[in-house]
Amino acid sequence: MGKENLQKYLREMYPMPEEKAVELTGDFTAFSFSKGTFLLEENKVNQRTYFLESGFVRSFTHDSEGNEVTTNIYTAPCFVNDFLSFFKRQPAKQNFQALTDCSGWTMTYADEEIYFNQYPEFREFGRILVLHHFDLLQQRTLELIQESAENRYVKLLSEHPEIFQNVSLKIIASYLGITDTSLSRIRKEICQK
């Protein structure tokens with residue numbers, strides 16, 4: 001298994017020569033996780049960044065009543081990381097768990113710090129990646145406030161149909177900010193249209 005997908009992702013986020021992308025991925029190592037494995041647990045400091053090449057990962061926390069609330073569903077290809085925990089060296093406030101068998105590439109915090117100091121391209125890629133994730137978070141926050149549950153469902157279904165084939169409806173409902181019952185009702189109403 002080569003690092004071509006990781007190198008392609010770097011070059012799409014921040015254009016650079018192929019040789020530079022190969023150099024910047026030198027210390028990434030392969031990983032594979034079985035379904036249910038935790039990549040990061042709440043209250044632990046994130047020690048690694050993960051490039052998800054295949055599979056699905058969710059981040060989640062618990063509400064005041066102890067119920068799991070899915071905060072994000074990661075679909076390959078993408079980086080999976082609690083950026084605040086990783087860069088600020090503080091305990092994570094949520095869990096990251098494999099929803100399916102997953103594989104990809106990972107790098108330690110120590111190696112990433114070396115790359116940030118040695119390679120301006122890596123530093124710029126990291127800046128763009130953090131901004132990209134911030135933009136996604138802001139969009140999600142605004143959608144939860146401004147869009148109806150049905151619109152959020154339709155958007156997720158149209159943009160990421162693969163999620164519905166690989167992730168349980170309970171987790172999807174939690175991600176959409178609705179109950180399982182509401183999700184069933186929305187799906188039934190859409191099918192009847």
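## Where β2 meets β7

Let's start with a pair of strands: β2 and β7 (residues 95-98) run antiparallel and are joined by two bridges. If you want to find this pairing by residue, look for L40, whose bridge partner in β7 is F96. Please keep in mind as you browse that this is a predicted model.

## The sheet around that pair

β2 and β7 belong to an open sheet of four strands, with antiparallel pairing and the order β2-β7-β4-β5. Which strands stand at the edges? They are β2 (38-40) and β5, and each has a single partner strand, so one side of each is left without a neighbour in the sheet. Going from one strand to the next, the twist averages 30 degrees.

A helix joins the picture here. α8 packs on the sheet, where it touches β4 (56-62) and β5. The direction of α8 makes about 100 degrees with that of β5.

## The largest pocket

Now for the open spaces. The largest pocket holds about 1,100 Å³ of space, and its lining is made up of 41 residues. To get your bearings in the viewer, try N72, Y74, H133, L136 and L137, which lie nearest the centre of this pocket.

Which elements give two or more residues to this lining? One strand does so, β5 (68-75), along with the helices α3 (83-88), α5 (120-146), α6 (149-159) and α8 (169-176). The top contributor is α5, which gives the most, with 10 residues. By class, the lining of the largest pocket has 21 nonpolar residues, 12 polar ones and eight charged ones.

## The second largest pocket

The second largest pocket has a volume of about 200 Å³. Here is its lining, which you can pick out residue by residue: R58, N67, E68, T70, K170, I171, A173, S174, I178, T179 and D180. Two elements, β5 and α8, give two or more residues to this lining. Of these, α8 gives the most, with four residues.

How do the lining residues of the second largest pocket divide by class? Three are nonpolar, four are polar and four are charged.

## Bringing it together

Two elements are worth a second look. β5 is an edge strand of the sheet, and α8 touches β5 as it packs there. Both β5 and α8 give two or more residues to the lining of the largest pocket, and both do so for the second largest pocket as well.

Conventions: Residues numbered from 1 in each chain as written. Predicted model: local features only at pLDDT ≥ 70, side-chain atom pairs only at ≥ 80, totals over all residues. Heavy atoms only, no water. 1 Å grid on protein atoms, 1.4 Å probe; cavity = no way out; pocket = protein on both sides within 12 Å on 5 of 7 lines; lining within 4 Å. Points joined across faces, edges and corners; volume = space filled by probe spheres on them. Nonpolar A, V, L, I, M, F, W, Y, C, P; charged D, E, K, R; others polar. Pairing = 2+ DSSP bridges. Axes fitted to C-alpha atoms, helices over the stretch in contact; angles between N-to-C directions. Contact = heavy atoms within 4.5 Å.
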